[in-house]
Amino acid sequence: MNVKRKPAKIQASDVCYELHTLGWKAFQNLCVTIIGEVFGQTVQSFFDSRDGGRDGAFQGRWKPTANESWSGSFTVQCKFTAKAGKHWSPADLKGELAKAAILAKRGLADNYLLFTNAHVSGATDAALRHAFEAVPGIQKFATFGLERISQIIRESSRLRMLVPRVYGLGDLGQILDERAYAQAREILSALGDDLAKLVITDAYRRSAQALIDHGFVLLLGEPACGKSTIAAALAVASIDEWRCSTLKVRDADDFVAHSNPHEPKQFFWVDDAFGATQCDWQSVASWNRVFPHIQAAIKRGARVLFTSRDYVYNAARNTLKVSAFPVVHESQVVIQVEKLSSSEKEQILYNHIRLGTQPQDVKSRLKPLLSGVAAHQRFSPEIARRLGSVVFTKSLIVTQPGIENFVEHPKEFLCGVIRNLDTDSRTALAVIFMREGALASPIVLNGDEGQAVELLGGSISGIREALAALDGTLVLYTISGGSHFWRFKHPTIRDAFASLISEDHELMHIYLAGTPIKMVFREVTCGDVGIEGVKVVVPSERYEALIQRMSTLNTSKEEDRDALHSFLSYRCDASFLRAFVGMRPGFIAGLRVHSYLSAVSDVDVLACLHEAGILPEEIRSKAVLEMRDLAVSTPDDGFLRENLRAMFTDDEFEATMDDVRRELLTDLDSTISDWRWNCPRREDPESYFESLTDVLKTYRKSFETDKDAVNLINEALSEIDSVVEELRADQPDDPDNDDFRGSASTPANESDRSVFDDVDQ
């Protein structure tokens, strides 16, 4: 099955962008950016319906060609049409000549520029030029029609980065080479037509600037605030503007596998870096381990973008080793929907209604209510998307109370939409959910999934037909790594389906029986353990069945073992742990303690079992002795973490700290020497020594009242700095990253004219 692509309008061999889909205000904003980025002028202002005949103005000098120079006052007029294929004629601008004469008499129009998204023929252009330059005071006139504006867009990758909506308005194959086009096509397939509806907000501009300044951006926000759309726009822009090799990676291991020191210009996009709906502690630990690799990649010239729900990041940040990657704090862009300007909210809503699937009569009925929707405190980009789609509004009553109810209770409306789907459509969503949000195409179900489909009342043929019907609304047909997948259109659809699972006894049974066990580990909790965002809480009567399913894991594989340990450590209450240990009597004896403690999942399980009162004393005391040894020999400060510190008696803890003071701090020269001679030649010395310096800084804080200990640590840190400089002298210089420099555009001024004037055209 091929991804559906909207055909582009082609003029000769060049693409003409479908600017008629922008709307009058977005078209004005595009013209602002063209004047600023391409002409090198700062537009003083764009005005509303009381503009006195001008949509914009600037004063200065412009050189259209090497041998021509225009100077003085400039008036800019924008003429937008919502009709595709519209051709301007001199008659269409009859009223403009009178306005132009008044402006010229006031000295405001030495030069008159007309921008329009309509076609302008050579004959029309000549007639317009003759008419306007005949007006006393107007020295020069120029028309920029659809063809000329499209040419400007094609020729300026910087303009496309600043106005990424244009990527959704034409044929990317006309402006990108084959490799870049293939990557951009994959990224855009994950968004459907959402990029064509993108509004350049302050969050987008700050994200672009963070990538330019730091090489990294962490996009934070509540669900449905537009993080993924901004990320996709930046990813495509990086392909186009910087010719980056762009990769969407799943996790830390995927990052390491694809980070290529021989290809410095890479762009990495990681969605939901720390967990999709709840904090995934295994992912957090993995990123801690990989942060030095990210730092090194950025120094080589890579760009990295993370997204995360704000509450997931808040849960993860106390565990993240920010000292190993401080740019995490420096490059955060928090998307706060409530702080979007009224202009931004209105434009977001306008785009989704005008480009959505609602029939024209519904758009006309919605039109007078849209300003109130954009001003509502519960407004979000996802609300706008749903309001523009007939799939989500079948039961909507288009009145002010009906619209308010739709905006105030989005989850309830979405759950109602899913409940009212036909059997095959609900089954299709269930199978995508069971496949962790990515169902490979063509569809092949395993035995458990086939049984689940049968219990739900669906069929494979019915699922295929349902997915085709739901494409673009609840699901998307996407490409990743050359393979095709069905995914949820938006994470909130996944959230709503999870809520239905938790409410429905039958669905819970099917879910626990048929979903891959490692996905269950990331989605559920056993009992209420206080994790925000959890949608499925397994009741105690299902503990035994779940434990039996867990026995299918191959814990000889490190990945499976870590997944099990993470689940037990953070997602299970004491009663589940007791039941698990009772059914797996040899489990505790198989847990091991080694360095680094922060990355060893076994020790988290030991700490959790100790807190629950389940850990036998002989195993506790043995684990404490091993951690005491590692505190000096590695050295490893992991025992200072709150959950591991709780495993020590006061005497055991004091004895461990005394070992560190006497055995480690008094012989740090030897420790540094050992690290120096073991440093791999091709590894960045600073990154290599980060683990040791982090441990010493932690110990310095713990010994802050002991002057002698603090002095020993400070001397050691200075010695490490010297060693790093010596080792770095043999390292090659960083690549030149000048081509990543730039700046984001500034928005046009607010307008009093309603953006919704032509929403139903």
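The following exercises, with worked solutions, concern the internal cavities of a predicted model.

**Exercise 1.** Determine how many cavities of 30 Å³ or more the structure holds, and state the volume of the largest cavity.

*Solution.* Step 1: counting cavities at the 30 Å³ cut-off gives three. Step 2: the largest cavity has a volume of about 50 Å³.

**Exercise 2.** Identify the lining of the largest cavity, the helices that supply it, and its division by class.

*Solution.* Step 1: the lining residues are Ala430, Met434, Phe497, Ile501, Leu507, Ile510 and Tyr511. Step 2: at least two lining residues come from each of helix 19 (423–434), helix 22 (491–503) and helix 23 (505–514). Step 3: among the contributors, helix 23 gives the most, with three residues. Step 4: sorting the lining by class yields seven nonpolar residues, with no polar and no charged ones. Tyr counts as nonpolar in this scheme, so Tyr511 belongs to the nonpolar class.

**Exercise 3.** Characterise the second largest cavity by volume, lining, contributing elements and residue class.

*Solution.* Step 1: the second largest cavity encloses about 40 Å³ of space. Step 2: Ile383, Arg386, Phe392, Phe406, Pro410, Phe413, Leu414 and Val417 form its lining. Step 3: helix 16 (381–387) and helix 18 (410–419) are the elements giving two or more residues to this lining. Step 4: the most comes from helix 18, with four residues. Step 5: by class, the lining of the second largest cavity comprises seven nonpolar residues, no polar residues and one charged residue. Arg counts as charged, so the charged residue is Arg386.

Note on methods:
Residues numbered from 1 in each chain as written. Predicted model: local features only at pLDDT ≥ 70, side-chain atom pairs only at ≥ 80, totals over all residues. Heavy atoms only, no water. 1 Å grid on protein atoms, 1.4 Å probe; cavity = no way out; pocket = protein on both sides within 12 Å on 5 of 7 lines; lining within 4 Å. Points joined across faces, edges and corners; volume = space filled by probe spheres on them.
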